[in-house]
Amino acid sequence: MDLAIIDQTKDGVSPYHQDLVRSVLNYAGHYLKLPENTEMSVTFMNNDAIHEYNKQYRGVDKPTDVISFAIEEDGDDLPVLPDEEMAETLAKNIGDILVSIDIVDTQADYLGHSFERELGFLVVHGFLHLNGYDHMDEGPQEKEMFELQRKILDDYGLER
């Protein structure tokens, strides 16, 4: 997976934590059998910055832990359908994830698990949203998403 990581935090996210995010998202991509040329980004930010995104794009006037911006590719920009060989070489950008590092730290403390577990949880959560999973309507979709999220994290080794 081609993963861009952008660090907009005041104090900086350690290389260790950036590598953890790369690794867990690559694992999740293999788990979902995504093509190797899948592209996406993760941006680390503080509460003030994610608050602005949450307010502007979701109409919620407070910071949040993670926001996913899926890219809906409908193929309208391609004049012809690519043949199978061409389709395999075209990268597919699935979107962007924004993560508040301030909230990762707060939630990890509150929930009594590691910063690494909470960081992994939030990026996998956002990643599943980018891949069409949803939990907004309590029901089968929510159950499916949360079970898949738990399975990916447990299999990776980031258990609660």
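Q: What do buried, partly exposed and exposed mean here?
A: Buried is under 20% relative accessible area, exposed is over 50%, and partly exposed is in between (1.4 Å probe, protein chains only). This is a predicted model, where local features need pLDDT of at least 70, side-chain atom pairs need 80 or more, and totals for chains, interfaces and linings use all residues. Numbering runs from 1 along each chain as its sequence is written, and side-chain values use heavy atoms, without hydrogens or water.

Q: OK, Tyr156 then. Buried or exposed?
A: In between: Tyr156 has a relative accessible area of 26%, so it counts as partly exposed.

Q: And how many aromatic pairs are there?
A: The count is five, taking rings of Phe, Tyr and Trp (its six-membered ring) with centres within 6.5 Å; planes under 30 degrees apart are stacked, over 60 edge-to-face, the rest tilted. Among them is Tyr27 with Tyr31: the ring centres are 6.3 Å apart and the planes meet at 40°, so that pair is tilted.

Q: Where do Tyr27 and Tyr31 sit?
A: Both are in helix 1, four residues apart, which is about one turn of the helix. Helices are DSSP runs of H or I with at least four residues, strands are E runs of at least two, and both are numbered from the N terminus. Tyr27 is partly exposed at 27%, and Tyr31 is partly exposed at 28%.

Q: What about Tyr27 and Tyr156, how are those rings arranged?
A: Edge-to-face, with 5.6 Å from centre to centre and 65° between the planes. That pair ties distant parts of the chain together, since Tyr27 is in helix 1 and Tyr156 is in helix 6 (residues 140-156), 129 residues apart. Ring pairs join Tyr27, Tyr31 and Tyr156 into a cluster.

Q: Switching topic: which residues in the largest nonpolar core touch the most other members?
A: Leu25, Met40, Val42, Phe44, Val99, Leu119 and Phe127, out of 32 residues in that core. A nonpolar core is a set of buried Ala, Val, Leu, Ile, Met, Phe, Trp, Tyr and Cys residues joined through side-chain atoms within 4.5 Å.

Q: Which elements feed into this core?
A: Those giving two or more residues are strand 1 (2-7), helix 1, strand 2, strand 4 (92-100), helix 4 (101-111), helix 5 and helix 6. Helix 5 supplies the largest share, eight residues.

Q: Which residues is Leu119 in contact with?
A: Leaving aside neighbours within four places in sequence, Leu119 is in contact (heavy atoms within 4.5 Å) with His17, Leu20, Val21, Phe44, Val99, Ile101 and Val104.

Q: Where's His129?
A: In helix 5, residues 115-130. His129 is buried, with a relative accessible area of 18%. With neighbours within four places left out, the contacts of His129 are Ser68, Asp134, His135, Met136 and Met145.

Q: And the loop between helix 1 and strand 2, which has Lys33 in it? What's the phi of Lys33?
A: Lys33 has a positive phi of about 60°, although it isn't a glycine. At a relative accessible area of 72%, Lys33 is exposed.

Q: Pro35, where is that one?
A: Pro35 is in the loop between helix 1 (15-31) and strand 2 (38-45). It counts as partly exposed, at 47% relative accessibility. Its C-alpha atom is separated by 8.4 Å from that of Lys92, 57 residues apart along the chain.
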